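Here is a friendly note to read alongside the model. Please keep the 3D view open as you go through the points.

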Amino acid sequence: MTESTVHSYLILTGFGLAIVTFISLFFVRAPYGRYTRSGWGPVLPSAIGWLLMEAPSAILFAVYFLFGSVDKNLPLILLFCMWEIHYLHRAFIYPFTIRNGNRKMTLSVILMGMAFNIGNTYINGRYLFSLSGGYPANWVLEPRFLIGVGFYTVGFIINRWADTVLRGLRKRGENTYAIPRGGLFNLISCPNYLGEIIEWLGWAIATWSLAGLVFAVWTFANLAPRAYSHHQWYHQYFTDYPSNRKALLPGIW
């Protein structure tokens with residue numbers, strides 16, 4: 001069996017598991033952050049958990065880039081930078097900006113996150129830098145690439161802005177929660193998740209690949225149910241939570 005065949009099977013498996021994950025997370029809240037609870041194994045500080053989960057994506061993608069068989073032209077360099085900008089921040093900066101010093105993450109969640117990131121990075125990294133055969137140099141002028149980069153940039157900005165707002169709701173070491181306000185927070189409960197979904201939708205468009213698409217689908221399957229859980233939690237925790245806000249999509253849901 002060739003690597004291309006194995007890669008195709010992994011993509012199909014990814015789509016199937018995304019459906020299962022999407023449905024399951026409406027019934028079982030992933031036990032990290034405010035939903036951390038006993039029964040899911042040992043716990044670690046959340047900063048360490050994020051580092052262990054996200055670092056493989058940054059490191060392995062760089063390995064696939066350096067040792068890939070296709071020519072490293074401008075389109076691939078830009079795609080490489082898009083991926084690394086997200087994961088270098090998520091692994092090595094974001095974890096150490098979390099202001100709830102007591103927040104924990106269960107080892108089971110960390111291991112599941114690592115497994116997903118290793119598999120997802122393989123699917124995308126090996127496709128881009130070896131199995132795809134490369135992209136033509138003029139791909140950077142293709143509408144698909146330009147639209148994809150635009151979506152990615154907008155999503156990244158929304159995600160970073162929302163995380164900054166959430167971080168500003170508490171001083172370092174505090175455990176209290178507050179209602180986030182301003183911008184997209186006036187419309188939806190989780191613009192940080194919406195931003196990340198838009199970001200990886202842009203990636204799927206820019207790469208124009210099933211590898212990119214399965215990542216975008218996975219992102220939605222994971223974050224949409226969590227946004228719904230957050231939305232419910234806000235309404236339960238705050239009696240004055242704005243009733244007109246939606247969970248994830250302004251004016252829709």
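The points below go from the whole chain to a cavity and then to two residues.

1. Before you start: this is a predicted model, in which local features need pLDDT of at least 70, side-chain atom pairs count only at pLDDT 80 or more, and totals for chains, interfaces and linings use all residues. Residues are numbered from 1 along each chain as its sequence is written, and side-chain values use heavy atoms, with hydrogens and water left out.

2. The overall plan. The protein chain has seven helices and two strands, where helices (H or I, at least four residues) and strands (E, at least two) are DSSP runs numbered from the N terminus. Read from the N terminus, the order is α-β-α-α-β-α-α-α-α. The radius of gyration (over C-alpha atoms) is 19 Å. The globule rule (2.2 Å times the number of residues to the power 0.38) gives 18 Å for 253 residues, which is close, so the chain is as compact as a globular protein of that length.

3. Inside and outside. Of the 253 residues, 47% are buried, meaning under 20% relative accessible area with a 1.4 Å probe, protein chains only. The accessible surface (Shrake-Rupley method, 1.4 Å probe) comes to about 12100 Å², and 69% of that belongs to carbon and sulfur atoms.

4. A cavity to find. A cavity is a set of points on a 1 Å grid over the protein atoms alone where a 1.4 Å probe fits but cannot get out. There is one cavity of 30 Å³ or more, and the largest has a volume of about 40 Å³, the volume being the space filled by probe spheres set on points joined across faces, edges and corners. Its lining residues (an atom within 4 Å of a point) are H86, H89, R90, F156, N159, R160 and E199. Helices α3 (74-92) and α5 (143-167) each give two or more residues to this lining.

5. A buried asparagine. N192 is found in helix α6 (residues 191-207). Why does N192 count as buried? Its relative accessibility is 8%, so N192 falls in that class. Beyond its neighbours within four places in sequence, N192 is in contact (heavy atoms within 4.5 Å) with N159, A162, D163 and L166. You have met N159 already, in the cavity lining.

6. An angle to look up. W208 is found in the loop between α6 and α7 (210-237). Phi of W208 is near 45°, a positive value in a residue other than glycine. Most residues other than glycine have a negative phi.

Terms used:
Buried means under 20% relative accessible area, exposed over 50%, partly exposed in between (1.4 Å probe, protein chains only). On a 1 Å grid over the protein atoms alone, a cavity is a set of points where a 1.4 Å probe fits but cannot get out, and a pocket is an open set with protein on both sides within 12 Å along at least five of seven lines; lining residues have an atom within 4 Å of a point.
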